[in-house]
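Work through the exercises below with the sequence and the model open side by side. Each task is followed by a solution in steps.

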Amino acid sequence: MSKRKPDHGLDRLLELDGLIMVIDSAGEHWVKFIVKKVEPSPERPHGLSYSLTLHDETGARLVGFDNAHPVSTGSGPGKRTPKQHDHKHRIRTVKPYDYSDAATLLTAFWVEVDIVLKEKGVI
């Protein structure tokens with residue numbers, strides 16, 4: 001039986017649950033955090049259900065990191081849906097995300113937020 005390493009940033013991530021934060025001076029872009037502890041399962045071995053999202057003035061999701069559903073990889077007849085649920089959304093694309101710990105998740109989220117806001121000329 002393998003022991004999981006401690007997730008030192010987990011308490012900080014859990015504290016963000018329910019937070020909605022406007023992140024630009026015009027008030028047009030905002031982030032939302034939903035983070036809950038759950039029983040570890042094959043889909044969520046880290047015992048965490050999460051959704052970290054960036055939205056624009058219309059409410060459209062521009063960036064999202066979550067584990068609400070499995071994500072397919074590939075296309076056509078070779079397309080596969082693995083059991084892993086961790087993934088990231090960026091505009092219209094969805095790609096698997098390898099969850100390692102809460103601090104890394106938060107860093108990856110904010111990096112993607114910065115990239116998208118720069119691409120859109122917000123920052």
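**Exercise 1: a salt-bridge network**

Lys-88, Arg-90, Glu-112 and Glu-119 form a network of linked salt bridges. The model is predicted, so local features need pLDDT of at least 70 and side-chain atom pairs count only at pLDDT 80 or more, while totals for chains, interfaces and linings use all residues. Residues are numbered from 1 along each chain as its sequence is written, and side-chain values use heavy atoms, with hydrogens and water left out.

Task: trace the contacts of Arg-90 with Glu-112 and with Glu-119, and state how exposed Glu-112 is.

Solution.
- Step 1. A salt bridge is a side-chain nitrogen of Lys or Arg within 4 Å of a carboxyl oxygen of Asp or Glu.
- Step 2. Glu-112 and Arg-90 satisfy this at 2.9 Å, N to O. The pair links distant parts of the chain, with Glu-112 in helix H2 and Arg-90 in strand E5, 22 residues apart. Helices (H or I, at least four residues) and strands (E, at least two) are DSSP runs, numbered from the N terminus.
- Step 3. Glu-119 and Arg-90 meet at 2.6 Å, N to O. Glu-119 also lies in helix H2, 29 residues from Arg-90.
- Step 4. Buried means under 20% relative accessible area, exposed over 50%, and partly exposed in between (1.4 Å probe, protein chains only). Glu-112 counts as buried because its relative accessibility is 12%. Arg-90, at 24%, is partly exposed, and Glu-119, at 54%, is exposed.

**Exercise 2: a pair within one helix**

Task: describe the salt bridge between Arg-12 and Glu-15.

Solution.
- Step 1. The N to O distance is 3.3 Å.
- Step 2. Both residues lie in helix H1, three residues apart, about one turn of the helix.
- Step 3. Arg-12 and Glu-15 are both exposed.
- Step 4. A search of the whole structure gives five salt bridges.

**Exercise 3: the sheet**

Task: in what order do the six strands lie in the sheet, and which are the edge strands?

Solution.
- Step 1. The open sheet has the order E1-E2-E3-E4-E5-E6, with antiparallel pairing. Two strands pair if DSSP finds at least two bridges between them.
- Step 2. Strand E1 (20-22) and strand E6 (93-96) are the edges, each pairing on one side only.
- Step 3. E1 is joined to strand E2 (residues 30-37) by three bridges, and Ile-20 has Lys-32 as its bridge partner in E2.
- Step 4. E3 and E4 share five bridges, with Leu-54 opposite Val-63 in E4.
- Step 5. E4 and strand E5 (residues 87-90) share four bridges, and Asp-66 is partnered by His-87 in E5.
- Step 6. E4 is largely enclosed by the rest of the structure, because five of its six residues are buried.

**Exercise 4: a buried charge**

Task: where does Asp-56 lie, and which side chain of opposite charge is nearest?

Solution.
- Step 1. Asp-56 sits in the loop between strand E3 (48-55) and strand E4 (61-66).
- Step 2. Lys and Arg count as positive and Asp and Glu as negative, while His and the chain ends are not counted. On that basis, the nearest opposite charge is Lys-120, 5.9 Å away. Asp-56 is buried yet has no salt bridge.
- Step 3. Contact means heavy atoms within 4.5 Å. Not counting residues up to four places away in sequence, Asp-56 touches Glu-28, His-29, Trp-30 and Leu-62.
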